[in-house]
Amino acid sequence: MPTTIRRSASLLAATALATATALATAPPALADDLDQTSPETLAAIESQVWPEYTVGDVDIDVYAAKMLLTYGEINPGELDPEFDQELHDTLVTYQEAFGLHDDGDLNPDTWENFQESVFGQHQFHRGDRGPVVTMIQRELNAKFDAGLAADGVYGPRTEQAVREAQEFFGIGVDGVFGPVSFHAVISYQDYAR
């Protein structure tokens, strides 16, 4: 598919996603067992700096962003950890559609939008399937050596790995991957690469 057509299709998908997100009503704050997470822990996680990536970078977080775009029915190109020009162009389109800083990099505005538009609308738990679950599994494998099959199925092993990550971060342990778990895992950079 030519790049112009792919970018147009991505822009339409991003615009549709932005509209759907704006129209949807957010569910109650049940994610990450907020009642069992101390205000200090929430503040500490919220203060963590989002990682930034640009063309040429290779990282599991780049793969995560590609999977989140895929979840929004936007084609980010090759589903790998490499930040290539195609991802840059897709991010410019995505950022423009959401009114974000449109530099084409994985910047804090983009991560926060992913957090709100994906995890603010749905908290992932046992029984879920799809690209976001694959992203969660790959992040936990890379950052916590979880040993999960990256099969996109949120089964008991994935739930247990999420629980262990939540315990590591001090999040109320419920095995549900929501916005707090997302921020904690993506911003966590102190792991063996």
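Before I start, one term: a residue is called exposed when its relative accessible area is over 50%, and buried when that value is under 20%. D145, at 68% relative accessibility, therefore counts as exposed. What we are looking at is a predicted model, so please keep that in mind throughout.

Let me stay with D145 for a moment, since its backbone deserves a remark: its phi is near 50°, a positive value in a residue other than glycine. D145 is placed in the loop between α6, residues 131-144, and α7, residues 156-169. A second residue of this kind is E73, which is not a glycine either and has a positive phi of about 60°. E73 belongs to the loop between α3 and α4, and with a relative accessible area of 69% it is exposed.

Now to the chain as a whole. The chain contains 8 helices and 0 strands, and of its 193 residues, 49% are buried. If we take the contacts with a separation of 6 or more, 59% of them are between residues 24 or more positions apart. The chain exposes about 9,100 Å², of which carbon and sulfur atoms supply 53%.

As for confidence, the mean pLDDT of the chain is 87, and 82% of the residues reach 70 or more. Residues 3-30, however, have a pLDDT below 50, and in the model this stretch has 38 contacts beyond near neighbours in sequence.

Next, the aromatic residues, of which there is a good deal to say. The count comes to 17 aromatic pairs. One of them joins W50 and F182, with 5.7 Å from centre to centre and 45° between the planes, a tilted arrangement. This pair links distant parts of the chain, 132 residues apart: W50 is in the loop between α2 and α3, and F182 is in helix α8, residues 179-187.

Where do these two side chains stand, buried or exposed? W50 has 5% relative accessibility, under the 20% limit, and so counts as buried, while F182, with a relative accessible area of 0%, is buried as well. F182 also pairs with W111: the ring centres are 6.2 Å apart and the planes stand at 50°, so this pair too is tilted. Because W111 lies in helix α5 and F182 in helix α8, the pair ties together parts that are 71 residues apart in sequence. W111 is buried, like F182. W50, W111 and F182 belong to one aromatic cluster, whose members also include Y71, Y94, F98 and F114.

N113 is likewise in helix α5, and at 12% relative accessibility it counts as buried. Setting aside neighbours within four places in sequence, N113 is in contact with Y94, F98, L100 and V118; Y94 and F98 are among the members of the aromatic cluster just described.

Two further side chains remain. T37, in the loop between α1 and α2, counts as buried at 6% relative accessibility, and a polar atom of its side chain lies 2.6 Å from the backbone nitrogen of G172. In R138, the charged end sits over the ring of Y63, at 3.9 Å from the ring centre.

Key
Residues numbered from 1 in each chain as written. Predicted model: local features only at pLDDT ≥ 70, side-chain atom pairs only at ≥ 80, totals over all residues. Heavy atoms only, no water. Helix = DSSP H or I, 4+ residues; strand = E, 2+ residues; numbered from the N terminus. Buried < 20%, exposed > 50% of the residue type's maximum accessible area, 1.4 Å probe, protein only. Contact = heavy atoms within 4.5 Å. Areas by Shrake-Rupley, 256 points an atom, 1.4 Å probe, with all protein chains shown as cover. pLDDT = per-residue confidence, 0-100. Phe/Tyr/Trp six-rings, centres within 6.5 Å; stacked < 30°, edge-to-face > 60°. Lys NZ or Arg CZ within 6 Å of the ring centre and 35° of its normal. Polar contact = N/O pair within 3.5 Å; in protein donor to acceptor, adjacent residues only side chain to side chain.
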